[in-house]
2 protein chains.
Amino acid sequence: MSGIEDVAREAGVSKATASRALTGHGYVAAATRARVLRVAETLGYVASSSASSLATGRTRNIGVVMPYLNRWFFAEVLEGIQEVLLAQGFDLTLYDAKPGTDGRRRVFDDFLARKRFDGLIAVALEPDDHELERLVAIGRPVVSVVGDSQDTSVVRLDDMHAARRATAHLIDLGHERIAFLGGISDQDGAHVDRERLGGYHASMRDAGLTIEHAAADVSLPGGYDAAVDLLSDPERRPTAIVAACDEVAIGAIIAARRLGIAVPAALSVVGIDNHEYAEMFGLTTLEQSPREQGAAAAELLLEQLRGAEAERTEMRLQPRLIVRSSTSTPPGTASVAVGAVP
Amino acid sequence: MSGIEDVAREAGVSKATASRALTGHGYVAAATRARVLRVAETLGYVASSSASSLATGRTRNIGVVMPYLNRWFFAEVLEGIQEVLLAQGFDLTLYDAKPGTDGRRRVFDDFLARKRFDGLIAVALEPDDHELERLVAIGRPVVSVVGDSQDTSVVRLDDMHAARRATAHLIDLGHERIAFLGGISDQDGAHVDRERLGGYHASMRDAGLTIEHAAADVSLPGGYDAAVDLLSDPERRPTAIVAACDEVAIGAIIAARRLGIAVPAALSVVGIDNHEYAEMFGLTTLEQSPREQGAAAAELLLEQLRGAEAERTEMRLQPRLIVRSSTSTPPGTASVAVGAVP
DNA sequence: TGGGCATGTGGAAGCGTTTCCCTTTTCGGG
DNA sequence: CCCGAAAAGGGAAACGCTTCCACATGCCCA
């Protein structure tokens, strides 16, 4: 367990010089530096991070706060963040903040206050006022992934636009009875889901079509259950579904198969995400790349740490339409060729 | 940004007493302690973690190393760990160590060496010799989740036993042509998959049945692809499948449906995991609860941190059979009632 | 009544870095 | 050849906490 003092002694220099050689700050003769590094290597010296944090005030650690870990989107974002941080030598400490739990309160009131990080990435946090206040009180740069905060930089998909394009795709194919599956209600639910629902509304309104919103838990089983309800009533059954996300869409496809409704012949389904399972189910969808969003957020944050003063930035990613085999013209219509829209 | 000195002054005591009052170590008069705590509260004092780590040598932080984040099992384990740590006031820093990447090398050679944690949880790491050496060189307690390490404590499912029971369940139902789906080869692949394959082998051997092992990537699409291959050849088609895990099993069920093979009438499928999607697909499976495994590992580690000397422990969890609707007697057999085996 | 023990408190010495400030050396150009 | 600036390096003071040690007090029991 050798310290910098050992390295210094062994290399025949002072602690000050050894430190400069190791950190690369300040003047050190090339030969001296090489010698110090060699000695450090031999001794297996590794700087104590607490000591250097204490001295510098920087931790080389980034905090990530997210409400879920076991959902595709979040796990992907996390991997994207991790990848960038790893490359830059930053540690990542994770704070799980499930809405409504006592753990979440503790994260905001205790854990974050410790400031064991130089900056924070908040993923789909949707903080309430008190939480937001704590967040800014920390006095460290914050970048959000997904969210509408005016107070932090943010990287996000243009959800409204995505849902609009999804709906438009179906309308272009000739559908008129198009239902939206997902989100709990117009008021409730995550901001993302409201935005997507809003995009659907807007698109339907523009086309003069009537809205049909079936609430569903935003998950695969949730989509399944809601689709079973929606589809088993012949009166209510639409010819196409816009799902709040791919998991819901896949749930709907599975439900349709169960009910003997052919996709896309009798029912078109479009999702938003390009989930890892989307291809397998031939799901037409709007791609958002959570991994890239995570990576972008990490890059942005590190940038702000380097730069003196960080102004608030907003990156809004445009989704790409990926046409697969879950959408086609409505039943009873002549087939129409549809090219992939860029 | 007030320090302990401010608190001490304001409370009219020395730094030493303030520290004792705040940490709860050593003698402090009840009244004094209350006063110090009140002052700290008012000032919004939060101890600098780097300073206290430096002074005590403890970080109140646990490192978690895992090769994937975006797979169900891993995400669940992580949540289990997180939950326990959160309750005990420990931070969690995450190290992503995907096999074969340069990032993994850096994690072992650079990141872990910094010892920014009091202990480590390694999830399904399967470290090679060099990596294992680094791991023990850190000199901090390590608990593995999944794995066969002789050098660390470990929490794991009895995979061999699970596969055995899965296979036995099918044999009890009267199946004779039972294939194993998953794992790349007998030599290759993760240790878990080899164990499970081994359990299948053992069970089949005991019953005098012939082995049929179809390699598959251990994922839902992997199971799908492999099942399409296996099932579309009528000569080769078994009456039952033991899948390496639920994701593979679900892939197989989806493939069967696509091919028009009724489950369970024409094909029984059993998985291992009790994945979140298992219920939706009516999958008969052996439950392992990754969340509990994660929590158990965290508890075990914290225990070892408290205790003076930590002897190596091994927790081997027994899986529970959950019978749903994906298994039944083979085609052409009179139906037999099967109760849920405890 | 006095010696030990439990309790309460303060001073000061770390913990292992980084960095400020100062001295010495080197080097290039007028 | 000399001078000033750049380069190189050392001593020591932080950084903000914990804890060892010393000391003071009050109390119980011999």
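A residue is counted as near a strand if its C-beta atom, placed from the backbone, lies within 6 Å of it. The model analysed here is predicted.

By that criterion, 28 residues surround DNA strand D. A:Ser14, A:Ala16, B:Gly3, B:Ala16 and B:Ala55 come nearest. Both chains give helices to this surface. From chain A, α2 (15-23) and α4 supply two or more residues. From chain B, α1 (4-11), α2 (15-23) and α4 (49-56) do so. The largest share, six residues, comes from α2(B). In composition, the surface near DNA strand D holds 14 nonpolar, ten polar and four charged residues.

DNA strand C is likewise surrounded by 28 residues. Those that come nearest are A:Gly3, A:Ile4, A:Ala16, A:Ser19 and A:Ala55. Helices α2 and α4 of chain A and α2 and α4 of chain B each give two or more residues to this surface. Here the largest share is from α2(A), again with six residues. The surface near DNA strand C divides into 14 nonpolar, eleven polar and three charged residues.

The two protein chains also meet each other. In this interface, 33 residues of chain A contact 33 residues of chain B. On the chain A side, at least two residues each come from α4 (49-56), α5 (72-87), β2 (91-96), α6 (102-111) and α10 (220-232). Helix α5(A) gives the most, with eight residues. By class, the side of chain A that touches chain B has 17 nonpolar, seven polar and nine charged residues.

Within chain A, helix α8 (residues 159-172) packs against helix α9 (residues 191-207). Their axes lie 7 Å apart, at an angle of about 40°. Angles from 35 to 65 degrees fall outside the roughly parallel and roughly perpendicular classes, so α8(A) is oblique to α9(A). The crossing of the two helices is right-handed. On α8(A), the contact is made by A:Asp159, A:Met160, A:His161, A:Ala162, A:Ala163, A:Arg164, A:Thr167, A:Ala168 and A:Ile171. On α9(A), the contact residues are A:Val192, A:Glu195, A:Arg196, A:Gly198, A:Gly199, A:Tyr200, A:Ala202, A:Ser203, A:Met204 and A:Ala207. This contact comprises ten nonpolar, five polar and four charged residues.

Terms used. Residues are numbered from 1 along each chain as its sequence is written. Chains are lettered from A and ligands numbered from 1 in the order in which they are written. This is a predicted model: local features need pLDDT of at least 70, side-chain atom pairs count only at pLDDT 80 or more; totals for chains, interfaces and linings use all residues. Axes are lines fitted to C-alpha atoms, for helices over the stretch in contact, and angles run from 0 to 180 degrees between N-to-C directions. Helices (H or I, at least four residues) and strands (E, at least two) are DSSP runs, numbered from the N terminus. Angles under 35 degrees count as roughly parallel, over 145 as roughly antiparallel, 65 to 115 as roughly perpendicular and the rest as oblique. A crossing is left-handed if the near helix is turned anticlockwise from the far one by less than a right angle, and right-handed if clockwise. Two residues are in contact if their C-beta atoms, placed from the backbone, lie within 7 Å. Ala, Val, Leu, Ile, Met, Phe, Trp, Tyr, Cys and Pro count as nonpolar, Asp, Glu, Lys and Arg as charged, and the others, Gly among them, as polar.
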